[in-house]
Each structure stands twice: as C-alpha cells, then as structure tokens.
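Here are my notes on the model you sent over, as numbered points. Have the viewer open while you read.

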Amino acid sequence: GEASLKRAIPSADIFRPSVLFGENDGFFTRFARMAQLTRALPLIGGGAGRFSPVYVGDVAQAIAGKITQGTDGKTYELGGPKIYTFKELMAFIMGAIDKKPVLVPLPWLAGQALGLVGEISGTLPFISPILTRLRTDNVVSGDHPGLSDLGIEGETIEAIIPPTLKQFKKSGEFHEEKPA
C-alpha cells in the first residue's frame, strides 16, 4: 500500500503508528474486558513481545500538524515514549483494574493458532477478533522520524489509561478511591 501511494503521490507522508491507546481503545480496553470474563490471560510467546503504545491524541496532532505544514514525502514512525513487553502491559492493565488473573505463558505456535482463530472469527459480521497473529515487535525502528521530530512529546499509558479503565474495576467506575 505504501509503495502504491508513493508511486501515485511522491510527496505524500506516511504515518506508521504503533499500538494506539486512548479511551475505549482496542487494546487496553479489550484486555481489561477479557480479565473480567476469565481467570487467566494468555501471554503469547511468554509475553516477551515489545510494544511502544502511542496515544491516539498524539497521532491526531502529528497528522493535523503535517496537514497544516504541508507534506514532505517522509515516512513517520509514531511510537510512545516508553517500550514495554506484552507481559508488562498485561500487568499494568491488571493493576489499573485491581484484578489478579493468572498470566499463562503460551508458546508462539499456540498463540499463532489462537490468533488465526481470532482473525477468522473477525471476518464474521459484528465480531471483533479478541487476538490476532503477531510475531514481531511493535516498536519504532529509529530509521524514520517520529513524534519528537514533529515537536510532540508523547503521552504515557500511565498518564492516560488508568481513568479510562475504571469501569472494569470490581468496585465500579463510580467508586471513590481512598487517598493512600
């Protein structure tokens, strides 16, 4: 797709975001919902896969800024300010919703099989795949400009995600937390 776009419009900018996060996102919200439904969550490949989640607002700001400035034909890799393993992200989600499910390490092959089933079920109407096949890290390579090159200091998951997951806490989203 990128090559076709570049052939048709050489000055077009391409944005490659990592996993997007924000309110009601498809990653943190999905796993928080899964944690409500099950006592165990899978750690595909033992949870070693790496991610640099990027805030959807930062991606929107990057795109809006380039529209305002004009395109320059570059490819931008947009990742958040920190890199996490999948296991760290699952632990973060569980902490944010006060759950303690068992994190079950699964070999890559088992994860690929589950992901394939998820992708096939996702072709059905009104069904969103729970898991997809992913064998590579989802982090910026450093070979292309990113958020900082566009003058954007990326938001962290720690600053954005916890309030968006309150609805998944056992005590509910309207429970007031006591000061520590």
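What pLDDT does the protein average, and what share of the residues score at least 70?

1. Confidence. This is a predicted model, and the protein averages a pLDDT of 85, with 78% of the residues scoring at least 70. Broken down by element, the lowest mean pLDDT, 61, belongs to helix H5 (residues 108-121). At the other end is strand E5 (residues 54-55), which has the highest mean at 98.

2. Salt bridges, starting with Asp13. Searching the whole structure turns up 7 salt bridges. One pairs Asp13 with Lys66, and their closest N and O atoms are 3.7 Å apart. Asp13 sits in the loop between helix H1 (2-8) and strand E1 (14-17), while Lys66 belongs to helix H3 (residues 56-69), so this contact ties together parts that are 53 residues apart in sequence. Have a look at the surroundings too: both Asp13 and Lys66 are buried.

3. Lys82 and Glu158. Here the closest N and O atoms of the salt bridge are 3.4 Å apart. Again the pair links distant parts of the chain, 76 residues apart: Lys82 is in the loop between strand E6 (75-78) and strand E7 (84-85), and Glu158 is in helix H6 (residues 157-164). How accessible are the two partners? Lys82 has a relative accessible area of 39%, which makes it partly exposed. Glu158 also counts as partly exposed, at 35% relative accessibility.

4. Lys169 and Asp98. Which side chain does Lys169 meet in a salt bridge? The partner is Asp98, at 3.6 Å from N to O. Since Lys169 lies in the segment after H6 and Asp98 in the loop between helix H4 (86-96) and strand E8 (102-106), the pair ties together parts that are 71 residues apart in sequence. Is each partner buried or exposed? Lys169 is buried, with a relative accessible area of 11%, whereas Asp98 is exposed at 51%. For Asp98, keep in mind that the cut-off for exposed is over 50%.

5. The network around Arg16. Salt bridges also link Glu2, Arg16 and Glu77 in a network. Arg16 is found in strand E1 and counts as partly exposed, at 31% relative accessibility. If you want a backbone reference here, the C-alpha atoms of Arg16 and Thr75 are separated by 7.5 Å, although the two residues are 59 apart along the chain.

6. Aromatic pairs. The count comes to 10 aromatic pairs. Take Phe21 and Tyr55: their ring centres are 5.7 Å apart, with 40 degrees between the planes, and the pair is tilted. Phe21 is in strand E2 (residues 20-21) and Tyr55 in strand E5, so to speak distant parts of the chain, 34 residues apart, linked by this pair. Phe21 is buried, with a relative accessible area of 1%, but Tyr55 is partly exposed at 24%.

7. A second tilted pair. The rings of Phe51 and Phe86 have centres 6.0 Å apart and planes at 45 degrees, so this pair is tilted. The link runs between distant parts of the chain, from Phe51 in strand E4 (residues 50-51) to Phe86 in helix H4, 35 residues apart. Both Phe51 and Phe86 are buried.

8. The aromatic cluster. Which residues join Phe21, Tyr55, Phe51 and Phe86 in one aromatic cluster? The other members are Phe27, Phe28, Phe31 and Phe92. Selecting the cluster in your viewer is a handy way to go through it.

9. Helices H4 and H6. The axes of H4 and H6 come within 9 Å and cross at roughly 45 degrees. The two helices are therefore oblique to each other. As for handedness, H4 passes H6 in a right-handed crossing.

10. One more long-range check. Gly65 lies in helix H3 and counts as partly exposed, at 24% relative accessibility. Between the C-alpha atoms of Gly65 and Ile152 the separation is 9.8 Å, and the two residues are 87 apart along the chain.

Note on methods: Residues numbered from 1 in each chain as written. Predicted model: local features only at pLDDT ≥ 70, side-chain atom pairs only at ≥ 80, totals over all residues. Heavy atoms only, no water. pLDDT = per-residue confidence, 0-100. Helix = DSSP H or I, 4+ residues; strand = E, 2+ residues; numbered from the N terminus. Salt bridge = Lys/Arg side-chain N within 4 Å of Asp/Glu carboxyl O. Buried < 20%, exposed > 50% of the residue type's maximum accessible area, 1.4 Å probe, protein only. Phe/Tyr/Trp six-rings, centres within 6.5 Å; stacked < 30°, edge-to-face > 60°. Axes fitted to C-alpha atoms, helices over the stretch in contact; angles between N-to-C directions. Parallel < 35°, antiparallel > 145°, perpendicular 65-115°, else oblique. Left-handed = near helix turned anticlockwise from the far one by under 90°.
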